[in-house]
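These are my notes from going through a two-chain model. I looked up confidence first, then the sheets, helices and contacts.

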Amino acid sequence: MAREISFVFNGNPMKMMIADHWTLLHLIREELGYSGTKEGCGSGECGACTVIVDGEAVNSCLYLAAEIDGKKLTTIEGLAAADGTLHPIQKSFVENGGIQCGFCSPGMIMSAKALLDKTPNAPEEEIKEAIAGNLCRCTGYVQIIDSIKAVSGHGEDEPHVVAFKTEDGDRGE
Amino acid sequence: MRQFTYLTPKTLDEAISLLESHGERARYVAGGTDVLVKIKEGKIAPDYLVSLKHIIGQDRPFLNHETGELYIGAFCTHRSIEQSPLVQHHYPILHDAVKNIGSVQIRNVATIGGNLVNAVPSADGAIPLIALDAKANIYGTKGQRSIDLRRFFLGPGQCDLDGGEILTEIAIPPLAPRTGGAYTKHGRREAMELPMLGVGVLLSLEEDMTTCAKARICLGVAAPTPFRALEAEKQLQGKIVNEENLGEAGRIAGQESKVRDSIRGVAWYRREMVGVLVKRMGLKALERAKDKPK
């Protein structure tokens, strides 16, 4: 069955027809055409599809599009400013090596944002809890946690640098 | 995903009549974090999903100050229970359990009622609630009924709900004075893991603050359904709560367990860990009973 829903997508009020069985992830990627939100497992295990609904992080792969009616939806595309200036969390991921292949990054950043919007100075424990449902297979999480801590004001003076460029090329340490 | 029609009734009666009119082709859904996975995996194929999310009612734990009873609506999300100051301060055994279910993303959506009606042996939410002597309030075409939550689970994936009946609420009787409780989920990692074991211990002390007046030892994944280790509880009652007596109660609880070998752990290890964790949770419960906020 189809139904009409209204919601606010990254700040823009929208009204559209959807099918009952669409997931929110399907709505975002296939119907709205925003591919920043990723599909990993499709079963709520990996967190790659994390978006924010009314301030709360949810797995869009297990959330029916019909349930977004009347709510506010934020995806990774809603973070940077209109002129392309990155959100502080995005910037911190870039600066602290929180990104390698990038597949988990949108989900990680959305989980981090949902946390920091409520608790701007969240300590490491809360950061770990907030991203416990986001899998990353590249970074080993340390740089991701550092990236979020740098924004929450709990960052180290010297971030853990594990890879950097020298004149001879990329180096890991 | 497979096509279905999504129905959003506003009342319990409307939900029941929708389910009954579509019979086998319909299924209730609340948070959907289990039902949608089952549909995607092809384990179930309903043509109609009857949502219980839009039914008007309490969505936060609620304490009746006159009777001291705590009510938790079945459609409360795990997150709302976890973040309830009431639960954090007075029911830490329940807080221990809900804060480790799934991930934040899952807990924001998944409901306690959904966790219970799935009736998996590992239902983290069930163990502390059984330890707290909770009752399940159920609504159906024949009206309202209430049963002890420990009798609600009939077998793996089976619970005591007929046809269109809906689990609407969990009612927890007033806590005895000088009560403390603790729950732990034992597994290889903390997040996103089904437990290899779930152990909840609730202790009420005599006025001397050392003798056990009442004990509840409740285990998950140690049998086909969550269960209370009655012999172990009996062993502890009237005894001084200390490492030795808790260790003995744990050993008995291990014997009472019907643990089995599975992908998450072997039986002998589980039995051994029941003993270890009953003792550990008992000591934590003792500490909490002593520091209880007045």
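**Entry 1: a strand pair in chain B**

I started at Thr179(B), which stands opposite Ser204(B) in β12(B). I took strands (E, at least two residues) and helices (H or I, at least four residues) as DSSP runs, numbered from the N terminus. Two strands pair if DSSP finds at least two bridges between them. β11(B) and strand β12 (residues 197-205) of chain B run antiparallel and are joined by eight bridges. Further along, I found Leu202(B) of β12(B) as the bridge partner of Gly181(B).

**Entry 2: ground rules and confidence**

I noted that this is a predicted model, in which local features need pLDDT of at least 70 and side-chain atom pairs count only at pLDDT 80 or more, while totals for chains, interfaces and linings use all residues. Residues are numbered from 1 along each chain as its sequence is written, and chains are lettered from A and ligands numbered from 1 in the order in which they are written.

pLDDT is the predictor's confidence in each residue, from 0 to 100. For chain B I read an average of 93, with 99% of the residues scoring at least 70. Among the elements of chain B, the highest mean pLDDT (98) belongs to strand β3 (residues 48-51) and the lowest (90) to strand β4 (residues 62-63). For the complex, the predictor gives an ipTM of 0.91 and a pTM of 0.92.

**Entry 3: the sheet around β12(B)**

I traced an open antiparallel sheet of four strands in chain B, in the order β11-β12-β13-β14. Its edge strands, each pairing on one side only, are β11 (179-186) and β14 (227-228) of chain B. β12(B) also pairs with β13(B), antiparallel, over eight bridges. There, Gly198(B) stands opposite Gly220(B) in β13(B). The hairpin of β12(B) and β13(B) has six residues between the strands, and Met209(B) in that hairpin takes a positive phi near 65 degrees.

Is β12(B) enclosed or open? Eight of its nine residues are buried, so β12(B) is largely enclosed by the rest of the structure. I count a residue as buried if 20 or more other C-beta atoms lie within 10 Å of its own, exposed if 12 or fewer, and partly exposed in between, with C-beta atoms placed from the backbone.

I then looked at what lies across this sheet. Helix α11 (residues 267-290) of chain B crosses β11, β12 and β13 (212-220) of chain B, at about 35 degrees to β12(B). Axes are lines fitted to C-alpha atoms, for helices over the stretch in contact, and angles run from 0 to 180 degrees between N-to-C directions. Contact between two residues means that their C-beta atoms, placed from the backbone, lie within 7 Å.

**Entry 4: the other sheet in chain B**

I followed five strands of chain B in an open antiparallel sheet, ordered β4-β5-β10-β6-β7. β4 and β7 (143-148) of chain B are the edge strands, each pairing on one side only. Two bridges link β4(B) to strand β5 (residues 70-73) of chain B in the antiparallel sense, and Leu63(B) stands opposite Leu70(B) in β5(B). Helix α1 (residues 12-22) of chain B lies across β6 (135-140) and β10 (166-172) of chain B, at about 140 degrees to β10(B).

**Entry 5: helix α5 of chain A**

In helix α5 (residues 142-152) of chain A, I found 10 of the 11 residues buried. Among them are Ile144(A), Ile148(A) and Val151(A). The buried residues of α5(A) pack against α2 (88-95), α3 (105-118) and α4 (124-130) of chain A. Just after α5(A), Gly153(A) takes a positive phi of about 85 degrees.

Tyr141(A) lies in the loop between α4 and α5 of chain A. Its phi is near 75 degrees, a positive value in a residue other than glycine. Tyr141(A) counts as partly exposed because it has 16 C-beta neighbours inside 10 Å.

**Entry 6: contact between the chains**

How many residues does each chain give to the contact? I read 20 residues from chain B and 23 residues from chain A. On the chain B side, β1 (5-7), α2 (35-40) and α6 (104-107) of chain B give two or more residues each.
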